[in-house]
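I opened this notebook to keep track of what I looked up, entry by entry, for someone meeting the structure for the first time.

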Amino acid sequence: MTSEKKQLILDSFSRSETLKFYKAELLAVETDYISIKIPKMEMMTRKAGMFNGAMIASLVDVSSGYAAVSHYEEDCYVVTVELKVNYLRPAIGEALVSKSYVIKGGGKICVVRTEIYVVDENGENESHVATSLVTMMKIK
């Protein structure tokens, strides 16, 4: 990934009002790989203390989109075509961490696998809570 492309992704991430609202942190930016961390906030959890499934799906969508953008050399914009999430276990932890990998990139369509983990306060112990497959389409 060129430094210019990486800067475009960093700038886009920092401009996102949604990601600011979530207090999201970009952990890794590489070609075909993005990782994002979101700390737990009360509005994101169910009464039992686990992250809400909608919060997990939202992180899957955002992280997969940035992974798809990282695949293309030029500046581009992508939209979600299909998103499937399998919830593996209750997401009980202090933060969500996404790890998104482009598994097939084409001229317009990109398929991304995103894994979601919860981590403890120190960010050391990960528990795999969801797995997903997302299809993104480049529109610009």
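**Entry 1: Ser70**

I began with Ser70, which is buried, since its relative accessible area is 2% and the cut-off for buried is under 20%. I keep in mind throughout that this is a predicted model. I placed Ser70 in helix 3, and I then looked up what its side chain reaches. A polar atom of that side chain lies 2.6 Å from the backbone oxygen of Ala67, and the side chain of Ser70 also reaches the backbone nitrogen of Asp32 at 2.9 Å. Leaving aside neighbours within four places in sequence, I found Ser70 in contact with Met1, Lys5, Ile9, Glu30, Thr31, Asp32, Tyr33 and Ile34.

**Entry 2: helix 3**

I next followed helix 3 as a whole, which runs over residues 53-71 and has 19 residues. From its first C-alpha to its last I read 27 Å, close to the 27 Å expected at 1.5 Å a residue. Which residue caps the N-terminal end of helix 3? I noted that Asn52 does, with a side-chain oxygen 2.7 Å from the backbone nitrogen of Ala54. I also listed buried residues of helix 3, among them Met55, Ile56, Leu59, Val60, Tyr66, Ala67 and Ser70.

**Entry 3: helix 2**

I turned to helix 2, which covers residues 17-21 and holds Phe21. Is Phe21 buried or exposed? I recorded it as exposed, because its relative accessibility is 52% and exposed means over 50%. Not counting residues up to four places away in sequence, Phe21 touches Met41 and Met43.

In helix 2 I also looked up the pair Lys20 and Glu17, whose side chains meet in a salt bridge at 3.3 Å, N to O. Because Lys20 and Glu17 are three residues apart in helix 2, they are separated by about one helical turn. I wrote down Lys20 as partly exposed at 46% relative accessible area, whereas Glu17 counts as exposed at 56%.

**Entry 4: salt bridges farther along the chain**

How many salt bridges does the count come to? I noted six, and after the pair in helix 2 I followed two others in detail.

Lys138 forms a salt bridge with Glu74, the closest N and O atoms being 2.5 Å apart. This pair links distant parts of the chain, with Lys138 in strand 6 (residues 126-138) and Glu74 in the loop between helix 3 and strand 3 (78-87), 64 residues apart. I recorded Lys138 as buried at 14% relative accessibility, while Glu74 is partly exposed at 37%.

The side chains of Asp75 and Lys140 also meet in a salt bridge, at 3.7 Å, N to O. Asp75 lies in the loop between helix 3 and strand 3 and Lys140 in the segment after strand 6, so this pair ties together parts that are 65 residues apart in sequence. On accessibility, I noted Asp75 as partly exposed at 41% and Lys140 as exposed at 57%.

**Entry 5: a nonpolar surface patch**

Last, I looked up which residues make a nonpolar surface patch of about 450 Å², and I found Tyr77, Val81, Ile109, Met137 and Ile139. I checked one of these residues further: Ile109 has its place in strand 5, which spans residues 109-119. Its relative accessible area is 37%, so I entered Ile109 as partly exposed.

Conventions:
Residues are numbered from 1 along each chain as its sequence is written. This is a predicted model: local features need pLDDT of at least 70, side-chain atom pairs count only at pLDDT 80 or more; totals for chains, interfaces and linings use all residues. Side-chain values use heavy atoms; hydrogens and water are left out. Helices (H or I, at least four residues) and strands (E, at least two) are DSSP runs, numbered from the N terminus. Buried means under 20% relative accessible area, exposed over 50%, partly exposed in between (1.4 Å probe, protein chains only). Contact means heavy atoms within 4.5 Å. The expected span of a helix is 1.5 Å times one less than its number of residues. A polar contact is a pair of N or O atoms within 3.5 Å; within protein, one must be able to donate a hydrogen and the other to accept it, and residues adjacent in sequence count only if both atoms are side-chain atoms. Patches are made of residues with over 30% relative accessible area and no salt bridge: like charges are joined within 9 Å, nonpolar side chains (Val, Leu, Ile, Met, Phe, Trp, Tyr) within 5 Å. Accessible areas come from the Shrake-Rupley method with a 1.4 Å probe; for residues, only the protein chains shown count as cover. A salt bridge is a side-chain nitrogen of Lys or Arg within 4 Å of a carboxyl oxygen of Asp or Glu.
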